[in-house]
Amino acid sequence: LKLNKNSYVVEIASNDGYLLQYVKDFGIPCLGIEPTHQTAESAREKGIHTIESFFGIKLAKNLKNSSHLNSNGVDLIVANNVVAHVPDINDFMGGISYLLKPKAYASIEFPHVLNLIKGNQFDTIYHEHYSYLSLKVIKRIANKVGLKVVEVEELNTHGGSLRVWLKKESK
């Protein structure tokens, strides 16, 4: 991705800053978004700037208009295993689209519903999940908010997950 000190990385549901600590170690400016106080505090103890909030279009607009970010947006957004926890997936994906620079990437990981069904993985269904998604649904939501899927990786985590790379649609 050729990220450097002039880039900016945002992780949504950044937990205790585990991933961002390595981004920071490479000298790449970064921001964590984590709604739970205790885990946000743990990230701050690692020197990771962290905002305690849920993510969506409203927060994306506030960030873009604040001193935290360049008004052009960010170079990379990472959202690992959070999509299933989001009550308004359209608002969430819209926020990602709004916050990305024109040629930037977003990486989202989520348990693939196809594997859940094929493997009868009932033990991977949790009460805090709002949805279980397929690649087709992610593509449809992404297209609705001006994003396109550019790459898909299959992962072994959570009984079979997808890592989907997104970019803004060219105008």
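This is a guided tour of a predicted model, moving from the whole chain to selected helices and charged side chains.

**The whole chain**

Begin with the complete protein chain coloured by secondary structure, where six helices and seven strands can be picked out; from the N terminus on, the elements run β-α-β-α-β-α-β-α-β-α-α-β-β. If you then colour by burial, buried residues make up 46% of the 171 residues, and a surface representation corresponds to an accessible area of about 9,400 Å², of which 52% belongs to carbon and sulfur atoms. For the contacts between residues at least 6 apart in sequence, 57% join residues at least 24 apart.

**Helix 1**

Select residues 18-25, which form helix 1, and show the side chains of Leu20, Gln21 and Val23, the buried residues of this helix. Those three cover an arc of only 160 degrees around the axis, which puts them on the same side of helix 1. Turn to the other side of helix 1 and you will find Tyr18 and Asp25, which are exposed. Adding strand 1 (9-12) and strand 2 (30-33) to the selection brings in part of what covers the buried residues of helix 1, and stepping past the end of the helix leads to Gly27, whose phi is positive, near 80 degrees.

**Salt bridges around helix 2**

Six salt bridges are counted in the model, and a good place to start is the network that links Glu41, Arg44 and Glu52. Select Arg44 and Glu41, whose side chains meet in a salt bridge at 2.8 Å, N to O; because Arg44 and Glu41 are three residues apart in helix 2 (residues 37-45), about one helical turn separates them. Next add Glu52, whose side chain meets that of Arg44 in a salt bridge at 3.0 Å, N to O. Each member of this network is partly exposed, with a relative accessible area of 30% for Arg44, 27% for Glu41 and 35% for Glu52.

**A lysine in helix 3**

Move to Lys64, which is found in helix 3 (residues 57-64). Lys64 is buried yet has no salt bridge, and Asp75, the nearest side chain of opposite charge, is 12 Å away. What can be displayed beside Lys64 instead is the backbone oxygen of Tyr98, which lies 3.0 Å from a polar atom of the Lys64 side chain.

**Helix 6 and what it packs against**

Select residues 135-144 for helix 6, and show Ile138, Ile141 and Ala142, which are buried. These residues cover an arc of only 100 degrees around the axis, which puts them on the same side of helix 6. The face turned away from that buried side carries the exposed residues Lys136, Arg140 and Lys144. To see the surroundings of the buried residues, add helix 4 (89-99), strand 5 (100-111), strand 6 (147-155) and strand 7 (161-168), against which they pack. After helix 6 comes Gly146, whose phi is positive, near 90 degrees.

**Between strands 6 and 7**

For the last stop, select Arg163 and Glu153, which form a salt bridge with their closest N and O atoms 3.0 Å apart. Arg163 lies in strand 7 and Glu153 in strand 6, so the pair ties together parts that are 10 residues apart in sequence. Both partners are partly exposed, Arg163 having a relative accessible area of 22% and Glu153 a relative accessibility of 24%.

Technical notes:
Residues are numbered from 1 along each chain as its sequence is written. This is a predicted model: local features need pLDDT of at least 70, side-chain atom pairs count only at pLDDT 80 or more; totals for chains, interfaces and linings use all residues. Side-chain values use heavy atoms; hydrogens and water are left out. Buried means under 20% relative accessible area, exposed over 50%, partly exposed in between (1.4 Å probe, protein chains only). Helices (H or I, at least four residues) and strands (E, at least two) are DSSP runs, numbered from the N terminus. The arc is that of the directions from the helix axis to the C-beta atoms. Contact means heavy atoms within 4.5 Å. Lys and Arg count as positive and Asp and Glu as negative; His and the chain ends are not counted. A salt bridge is a side-chain nitrogen of Lys or Arg within 4 Å of a carboxyl oxygen of Asp or Glu. A polar contact is a pair of N or O atoms within 3.5 Å; within protein, one must be able to donate a hydrogen and the other to accept it, and residues adjacent in sequence count only if both atoms are side-chain atoms. Accessible areas come from the Shrake-Rupley method with a 1.4 Å probe; for residues, only the protein chains shown count as cover.
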